[in-house]
Amino acid sequence: MSPYVVLRVVSKLLIPLIFLYGFYVHFHGEYSPGGGFAAGVVVGVGVILYALIFGLQAARKAVPPYWARIGMALGALIFAGVGFISLFMGGNYLDYTVLDPNRTYLGQHIGIVAVEFGVLVSVTAVIIAIFYAFAGRERPAGEAED
Amino acid sequence: MTGGDITQYFDYLFMIMLLFIGLTIIRLQNLFAVVMLTGVYSLIAAAWFVSLGAADVAITEAAVGAGISTVLLLAAMLLTAREAKPTTAFRHWAALVVMAAAGVAVFYALGDLPVYGAADTPANTGPGMAYIERTPSEINIPNVVTAVLASYRGFDTMGEVFVVFAAGVGVALLLNLSGAGRREEDGE
């Protein structure tokens, strides 16, 4: 845990706001700049900041590494799964219009938010997984400088 | 871009700042300072993208370039040395030759590029214009970028997600995802 009380207090205030902003970037992506990729990165940064301030062990407890491993595949599966759902509902692969029985814009909106959610899950999980992989490594013995 | 547009002076300012940061990074030997300056470089690049009107790219650049890659480079630096080894003069000259050749090629290609902000470029007249015209009637969302990315070009984006997934799997295979914990269990 960081010995600096200012860092701890400020990051405790900031981390929920970072997550909120990430989800805003995702769910507001139809109306303002943003989308799954940017949102996933922002959410991942929130977890990394938590790990930097409160330690890797605390972060591993909050977001276990197997979540990251499952999330990587789950996000890609959500994206591909939306495509298969639209296929089975009578449209082309990734044709979201058929997701709404009345064939209005609603189908497109559902499809876009759903596939972007897949992007969000995958990107967040990959970023957290890469961070855990790097941060979990220790210096080889006998090379410690400081 | 018209001559009276004030944002172009921001663009020049940002480009000059990026150039100086790049030159400073080349001269530095202290890796900690280099990592920090690459973060600053990304942050200024993100500000430049906002000035160019690419807010989507700016959000990602600020989070990835200034946030995640700085943290990852710091973590990688902690595993190696803190100072770069001095580069030999031969390498400097070799790099200079490559840079000069690449620079000449870029300036040679410059003549074929459209004027910055021109409305009659192939990108702005062909499919790009069609997406802008068709999005309100077909998808009915204000952000055309999202419509193109998720709906019209859904296959591309799915490919990108699988690339991200493949990158994550690759790092996990190379660096042992559970980190140091498993090595202790092995009784090493």
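**Chain A's shape and a helix pair across chains**

Me: In this predicted model, what is the radius of gyration of chain A, set against a compact globule of 146 residues?
Reply: Chain A comes out at 19 Å, while a compact globule of that length would be near 15 Å. The C-alpha trace spans about 65 × 30 × 20 Å along its principal axes.

Me: And what is chain A built from?
Reply: Helices: 5 of them, with 0 strands, so the pattern reads α-α-α-α-α along the sequence.

Me: Why is α5(A) called roughly parallel to α8(B)?
Reply: The axes of α5 (residues 105-135) in chain A and α8 (residues 154-175) in chain B cross at roughly 20° and come within 9 Å. Roughly parallel takes an angle under 35 degrees, so the pair gets that label. As for handedness, α5(A) passes α8(B) in a left-handed crossing.

Me: What makes up that contact of α5(A) with α8(B), in nonpolar, polar and charged residues?
Reply: It's 16 nonpolar, 5 polar and no charged. On the α5(A) side you'll find A:V115, A:V119, A:I130 and A:F134, among others; their partners in α8(B) include B:V161, B:F165 and B:L175. Gly counts as polar here, so A:G118, B:G154 and B:G168, which are among the contact residues, go in the polar group.

Me: How do you know that residues 6-26 of chain B are helical?
Reply: The span is 95% helix and 0% strand, with its end C-alpha atoms 32 Å apart. UniProt's unreviewed entry lists it as one of the "transmembrane region" features of chain B, along with 62-81. Residues 62-81 are 90% helix and 0% strand, with ends 27 Å apart.

Definitions and conventions:
Residues are numbered from 1 along each chain as its sequence is written. Chains are lettered from A and ligands numbered from 1 in the order in which they are written. This is a predicted model: local features need pLDDT of at least 70, side-chain atom pairs count only at pLDDT 80 or more; totals for chains, interfaces and linings use all residues. Axes are lines fitted to C-alpha atoms, for helices over the stretch in contact, and angles run from 0 to 180 degrees between N-to-C directions. Helices (H or I, at least four residues) and strands (E, at least two) are DSSP runs, numbered from the N terminus. Angles under 35 degrees count as roughly parallel, over 145 as roughly antiparallel, 65 to 115 as roughly perpendicular and the rest as oblique. A crossing is left-handed if the near helix is turned anticlockwise from the far one by less than a right angle, and right-handed if clockwise. Two residues are in contact if their C-beta atoms, placed from the backbone, lie within 7 Å. UniProt positions are given in the numbering used here, feature names are shortened, and annotations may be inferred rather than shown by experiment. The radius of gyration is taken over C-alpha atoms; the globule rule is 2.2 Å times the number of residues to the power 0.38.
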